Amino acid sequence: MRSRNLRYIFGYLFLIPAISMIPACNSPYTSKKPGYFKMDFPERRYVRFDDPSFPYSFEYPVYAKIMKDSTLFDSAENPYWINVDFPAFNGKIFISYKKIGGTSVYKIKTPDGYRDSVGTNSLDNMVKDSYNLTYKNSVKAYSIDDSLMQTPQGIGGIYFKVGGNVATARQFFLTDSTRNFLRGALYFDATPNEDSLRPVNAFLQEDVKHLINSLEWKKSPQS
């Protein structure tokens, strides 16, 4: 816990189908770990997402689609929240964006239930929220590693790698500490199983890193 807190402080300040073996009558029994179908992965090629109305741009794979999930997000309150959808892998990267110093509608708990409240997007609170969202996986995770990163464009942030049977094993946030804050999470719409998801996680992890390293803030972000 102490090392996690130190890393958080440092990062904030500088910102930065199963196969079983059935033995024959007189044959010795040899156990084997469960196996999974081999997957054929597509060739990596990237295109740039560069909507003029968005305050950021990045490169994403040609085998993915950019989508707005209106069932989860109010497009009027969160116009820059999108999903990078991977139909072939039943996965997606949730992308959320907030302007530092701007306002957002937050859910707050009251004795009568939750209600909407308008709050200011402070950097400190958004960093804490990112950590809290990641550590919600701690019940099922056996490890959560966070590492400070800086992209070729000089954008700082934190990259989270979560071990265990969790649906979101790769998460991150990026910020310039003054205006822009973007968070991403690789999510699979499937029963979490670390062993079966490992090949896909490893493949898409490279796409997540490419998105991170190609991210750019627009010079004149929209309000």
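These are numbered notes on a predicted model of one protein chain.

1. Confidence. The mean pLDDT of the protein chain is 76, and 64% of its residues reach 70 or more. Over residues 12–37, pLDDT stays under 50. For that stretch the model has 30 contacts beyond four places in sequence. Where pLDDT is low, the predicted coordinates should not be read in detail.

2. Overall content. Three helices and twelve strands are found in the protein chain. Of its 223 residues, 40% are buried. The chain exposes about 13300 Å², and carbon and sulfur atoms supply 52% of that area.

3. The three-stranded sheet. Three strands form an open sheet in the order S1-S2-S12, and their pairing is antiparallel. Strands S1 (46–49) and S12 (216–217) stand at the edges; each has a single partner strand, so one side of each is left without a neighbour in the sheet. Between S1 and S2 (residues 56–61), the antiparallel pairing runs over four bridges. One residue to look at here is Phe49, whose bridge partner in S2 is Phe58.

4. Surroundings of Phe58. Leaving aside residues up to four places away in sequence, Phe58 touches Val47, Arg48 and Phe49, as well as Ile66, Ile82 and Val84. Leu211, Ser214 and Leu215 are also touched by Phe58.

5. The largest nonpolar core. This core has 32 residues, and those touching the most other members are Tyr56, Phe58, Val84, Ile95 and Phe172. Two or more residues each come from S2, strand S4 (82–86), strand S5 (91–99), S10, strand S11 (180–188) and helix H3 (194–214). H3 gives the largest share of the core, seven residues. Phe58 thus appears twice in these notes: as a member of this core and as the bridge partner of Phe49.

6. A separate core. Apart from the largest core lies another, of nine residues. Its members include Leu123, Met126, Val127 and Ile158.

7. Gln171. Strand S10 (residues 170–175) contains Gln171. Is this residue buried or exposed? Gln171 has a relative accessible area of 2%, which is under the 20% cut-off, so Gln171 counts as buried. The side chain of Gln171 makes a polar contact of 2.4 Å with the side chain of Arg183. S10 is also one of the elements that give two or more residues to the largest nonpolar core.

Key: Residues numbered from 1 in each chain as written. Predicted model: local features only at pLDDT ≥ 70, side-chain atom pairs only at ≥ 80, totals over all residues. Heavy atoms only, no water. Pairing = 2+ DSSP bridges. pLDDT = per-residue confidence, 0-100. Contact = heavy atoms within 4.5 Å. Buried < 20%, exposed > 50% of the residue type's maximum accessible area, 1.4 Å probe, protein only. Polar contact = N/O pair within 3.5 Å; in protein donor to acceptor, adjacent residues only side chain to side chain. Areas by Shrake-Rupley, 256 points an atom, 1.4 Å probe, with all protein chains shown as cover. Core = buried A, V, L, I, M, F, W, Y, C linked by side-chain atoms within 4.5 Å.
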